[in-house]
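Here are some comments for a colleague who is about to go through this entry. Please read them with the sequence and the coordinates side by side.

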Amino acid sequence: MLSMNLSGKTALVAGSTQGIGFASAQALAALGANCVLIARNEDALKQAVAKLDAAQGQQHSYLVADFANPQQVQDVVAAYVQQNTIHILVNNTGGPAAGAIVDAKPENFLQAFQQHLICNHILATLAIEGMKAAGYGRIVNVISTSVKIPLKGLGVSNTIRGAVASWAKTMANELAPFGITVNNVLPGATATARLENIITNKSGKMGVAIDEVEKEMLEEIPAKRFGKPEEIAAMVAFLASPAAGYVNGTSIPVDGGRTGSI
Ligand SMILES: NC(=O)c1ccc[n+]([C@@H]2O[C@H](COP(=O)([O-])OP(=O)(O)OC[C@H]3O[C@@H](n4cnc5c(N)ncnc54)[C@H](OP(=O)(O)O)[C@@H]3O)[C@@H](O)[C@H]2O)c1
């Protein structure tokens with residue numbers, strides 16, 4: 001049986017004060033990893049760190065950075081990697097605002113590109129040297145099922161997710177010889193603050209009750225329920241583990257069967 005044990009490994013988990021990122025940190029910590037959380041809200045980061053499993057002596061910490069400001073991300077994480085090795089990188093941040101693509105402004109695409117692709121690239125390039133030296137690296141990107149089939153009303157998001165998936169596949173090919181894998185987890189509709197916002201916005205725009213919007217969304221999901229953040233996190237944790245060493249360059253939906261492609 002290949003190991004899921006992450007003791008002695010350090011995971012930098014982005015966008016990790018709540019939702020999928022926080023659940024991912026919880027799952028990685030439970031497998032023994034030391035977690036470094038990174039997001040904007042320092043109070044929320046402190047609270048999140050305090051909730052992580054430390055029963056095996058795991059050491060958890062946090063870094064503060066706004067992914068809307070890639071230079072800040074670069075500075076904060078460059079200082080961290082001078083003294084520390086990141087073995088596992090979970091690329092994750094807040095999703096772009098919902099809306100039809102025809103209504104999107106050029107700056108909306110640029111901002112989402114910076115926050116998602118550029119920040120992923122900065123974090124990966126900062127982590128790679130340490131991963132190579134350790135002979136172990138796992139980069140897991142939380143993207144969206146829109147990588148497979150674009151989602152209605154998420155124009156900017158659909159566009160940027162495709163770029164991130166292509167970036168990840170290219171990275172996977174280049175890094176595989178060093179024992180580093182790069183994979184994408186594609187959450188379906190998952191019960192987090194992000195999903196609540198999307199549902200509330202849709203309800204407001206369409207003038208339909210929130211229950212109705214939810215019902216319509218659930219009809220498209222064979223499992224007939226929204227995902228739980230920990231169900232997405234379980235896939236992140238597996239991909240981060242030694243057991244997933246031969247899984248590379250993939251995009252894996254965790255969506256209750258919603259994505260209509262084989
Ligand atoms: N939930 C879903 O149904 C679903 C489905 C498909 C894809 N996704 C994608 O999965 C990712 C995570 O989603 P989620 O539902 O877990 O989101 P969420 O509940 O909104 O959490 C987002 C996390 O990212 C951090 N964050 C947001 N903006 C940031 C910024 N500018 N700089 C640094 N950190 C930032 C937030 O912390 P701070 O506020 O402290 O910075 C928070 O910890 C998003 O890209 C989302 O679009 C979600």
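The numbered points below take up the core, the salt bridges, the charged surface and a few individual residues.

1. Please keep in mind throughout that this is a predicted model. Residue numbers in this note count from 1 along the chain as its sequence is written.

2. The interior is a good place to begin. The largest nonpolar core comprises 37 residues, and those with the most contacts inside it are L12, I38, V73, V77, L89, L123 and I139. At least two residues of this core come from each of the strands β1 (10-14), β2 (34-39) and β6 (180-187), and likewise from each of the helices α3 (70-83), α4 (106-134) and α5 (155-175). Helix α4 provides the largest share, with 10 residues.

3. Helix α4 also holds I122, a residue that counts as buried because its relative accessible area is 11%, below the 20% limit for that class. Measuring tools in a viewer should place the C-alpha atom of I122 17 Å from that of N184, a residue 62 positions away in sequence.

4. How many salt bridges does a search of the whole structure find? The search returns two, and each deserves a separate look. In one of them K132 pairs with E129, with 3.8 Å between the closest N and O atoms, which falls inside the 4 Å cut-off for such a pair. Both partners belong to helix α4, where a spacing of three residues corresponds to about one turn of the helix. K132 is classed as partly exposed because its relative accessibility is 30%, whereas E129, at 53%, is classed as exposed.

5. The other pair joins the side chains of E231 and R225, with an N to O distance of 2.8 Å. E231 has a relative accessible area of 28% and is therefore partly exposed; R225, with a value of 38%, is also partly exposed.

6. The loop between α7 and α8 (229-240) contains K224, whose backbone may merit a check. The phi angle of K224 is near 60 degrees, which is a positive value in a residue other than glycine.

7. On the surface, D211, E212, E216, E219 and E220 together form a negative patch. One of these residues, D211, sits in helix α7, which spans residues 210-219. Is D211 buried or exposed? With a relative accessibility of 57%, D211 counts as exposed, since the class begins over 50%.

8. Strand β7 covers residues 251-254 and includes I252. This isoleucine is partly exposed because its relative accessible area is 22%, a value that lies between the 20% and 50% limits of the class. Its partner for a distance check is V208: the C-alpha atoms of I252 and V208 are 32 Å apart, with their positions 44 residues apart along the chain.

9. Two further residues can be taken together. A54 belongs to the loop that runs between α2 (42-50) and β3 (61-64), and its relative accessibility of 41% is the reason that A54 counts as partly exposed. From A54 to A191 the C-alpha separation is 26 Å, for a sequence separation of 137 residues. S61 is located in strand β3 and is partly exposed, given a relative accessible area of 30%. The C-alpha atoms of S61 and A79 are 14 Å apart, and the two residues are 18 positions apart in sequence.

Conventions
Predicted model: local features only at pLDDT ≥ 70, side-chain atom pairs only at ≥ 80, totals over all residues. Heavy atoms only, no water. Patch = residues over 30% accessible without salt bridge, like charges linked within 9 Å, V, L, I, M, F, W, Y side chains within 5 Å. Areas by Shrake-Rupley, 256 points an atom, 1.4 Å probe, with all protein chains shown as cover. Lys, Arg positive; Asp, Glu negative; His and termini not counted. Charge placed at Lys NZ, Arg CZ, Asp CG, Glu CD. Helix = DSSP H or I, 4+ residues; strand = E, 2+ residues; numbered from the N terminus. Buried < 20%, exposed > 50% of the residue type's maximum accessible area, 1.4 Å probe, protein only. Core = buried A, V, L, I, M, F, W, Y, C linked by side-chain atoms within 4.5 Å.
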